[in-house]
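This report describes a single protein chain, going from paired strands to the overall fold and then to selected residues. Please keep the structure open while reading.

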Amino acid sequence: IAVRRAAQACGIPYGLSIQGDSDTKVMDARRDLTGELSAVLRDSAITFPFAPWAWKRVTDRLGEPHAPHIMLPCATELDQPMAPVTGGDGLLSVFHLQSYKRKNLAGMARAVALLAAKGEAPKLSIIGGGEPAERAACEAIVAKVPSMTLEGAKDRDEVRAAMNRATAFVLPSLRESFGLVFIEALFAGLPIIYPEGTAVDGYFDGAPFALPVDARNPESIALAMEVAIAREDSMKAALADWQQSDEARRFQRGSIAESFARGLAIGCGTTTVPGDQ
């Protein structure tokens, strides 16, 4: 709101980043500002949503802007493909234990327990550090699910290696603006199970190596786990093809930088992008 007013006073354009989680929280909490927020979006010269789901949620409430928008994924230094390896050593999740509620550790535990009741308990390793109280809370959740383990904190190289060894990545977060770890998993050769309606939703519709789930439904999570284990070979073969595609390159730093520069040029009303000449 402040930037729009400043831009109007100065006679210059402005752009927006739509991150998803915080934006929808504000929209839901401050419905009295819907008209003001609609004007902010409408008058932007360029908009950069993190993900398709966020763009849909915001425009459904606030309407479409006059100017273009460009999807701008988050960037990671772990954006070089590692070939998928079949015969994975189990399911994997990665998050700081401070966020165990938001990352839905309880939902994952209930899903594994459902499979255990059928005699199909998968191994699910959780990588992530935390304070003693946070670890104790997580230990209490997984205590009745023997096939789940808390692996503690690991450095970036160790996490990437663990991803490459695993069967599938599982993170049915209850709220997630983007979830950079999903992209890191894909580049590490690991299929993903992600929450429908948040995180990377909208980027991988129909992709055989990315399974959306209802994060609030343990049965949905359990079914995706079953599918990921049963179809590991075919999912990883499809992922290997994706890693060499233009769709994969859009998540690499060079492509993200080009998209951002192009969007800024559009927003400034120019026709060239730095580096084009």
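## Strands E1 and E2

In this predicted model, Ser17 has Phe48 of strand E2 as its bridge partner. Strand E1, residues 15-18, runs parallel to E2, and four bridges join the two.

Strand E2 covers residues 46-49 and is buried on both faces: Ile46 and Phe48 lie on one side, Thr47 and Pro49 on the other. In a regular strand, side chains alternate between the two faces of the sheet.

## Overall fold

The protein chain contains 12 helices and eight strands. Its radius of gyration is 20 Å, close to the 19 Å that the globule rule gives for 277 residues, so the chain is as compact as a globular protein of that length. Along its principal axes, the C-alpha trace spans about 65 × 45 × 35 Å.

Of the 277 residues, 49% are buried. Among contacts with a separation of 6 or more, 72% are between residues 24 or more positions apart. The exposed area of the protein chain is about 13,100 Å², and carbon and sulfur atoms supply 53% of that area.

## Nonpolar cores

The largest nonpolar core has 76 residues, and those with the most contacts inside it are Met148, Met163, Phe169, Phe204 and Met225. Beyond its neighbours within four places in sequence, Phe204 is in contact with Ile183, Leu186, Tyr194, Phe209, Ala210, Trp242 and Phe251. Another core, of five residues, lies apart from the largest one; Ile46, Phe48, Ile70 and Ile256 are among its members.

In soluble globular proteins, nonpolar side chains tend to be buried together. Ile46 and Phe48 of the five-residue core are also the buried pair on one side of strand E2.

## Helix H7 and its cover

Helix H7 spans residues 156-165, and its buried residues are Val159, Arg160, Ala162, Met163 and Asn164. Their cover includes strands E3 (91-94), E4 (124-127) and E6 (168-170), together with helix H8 (180-187). Met163 also appears among the residues with the most contacts inside the largest nonpolar core.

At the N-terminal end of H7, Asp155 acts as a cap: one of its side-chain oxygens lies 3.2 Å from the backbone nitrogen of Asp157.

## Strands E4, E6 and E7

Ser125 belongs to strand E4. With a relative accessible area of 8%, under the 20% cut-off, Ser125 counts as buried. Outside its neighbours within four places in sequence, Ser125 is in contact with Leu91, Leu92, Ser93, Thr149 and Glu151.

Strands E6 and E7 pair in the parallel sense over two bridges, and Val170 stands opposite Ile193 in E7. Strand E7 runs over residues 192-195; Ile192 and Tyr194 point one way, Ile193 and Pro195 point the other way, and all are buried. Tyr194 is also one of the residues in contact with Phe204.

## Gln243

Is Gln243 buried or exposed? Its relative accessibility is 5%, so Gln243 counts as buried. Gln243 is part of helix H10, residues 232-243.

Not counting residues up to four places away in sequence, Gln243 touches Pro81, Met82, Ala83, Pro84, Leu186, Phe187, Ala188, Gly189 and Ala248. Ala83 is 160 residues from Gln243 along the chain, yet their C-alpha atoms are separated by 8.4 Å. A polar atom of the Gln243 side chain lies 2.9 Å from the backbone oxygen of Leu186.

Note on methods: Residues are numbered from 1 along each chain as its sequence is written. This is a predicted model: local features need pLDDT of at least 70, side-chain atom pairs count only at pLDDT 80 or more; totals for chains, interfaces and linings use all residues. Side-chain values use heavy atoms; hydrogens and water are left out. Buried means under 20% relative accessible area, exposed over 50%, partly exposed in between (1.4 Å probe, protein chains only). Two strands pair if DSSP finds at least two bridges between them. Contact means heavy atoms within 4.5 Å. A polar contact is a pair of N or O atoms within 3.5 Å; within protein, one must be able to donate a hydrogen and the other to accept it, and residues adjacent in sequence count only if both atoms are side-chain atoms. The radius of gyration is taken over C-alpha atoms; the globule rule is 2.2 Å times the number of residues to the power 0.38. Accessible areas come from the Shrake-Rupley method with a 1.4 Å probe; for residues, only the protein chains shown count as cover. A nonpolar core is a set of buried Ala, Val, Leu, Ile, Met, Phe, Trp, Tyr and Cys residues joined through side-chain atoms within 4.5 Å.
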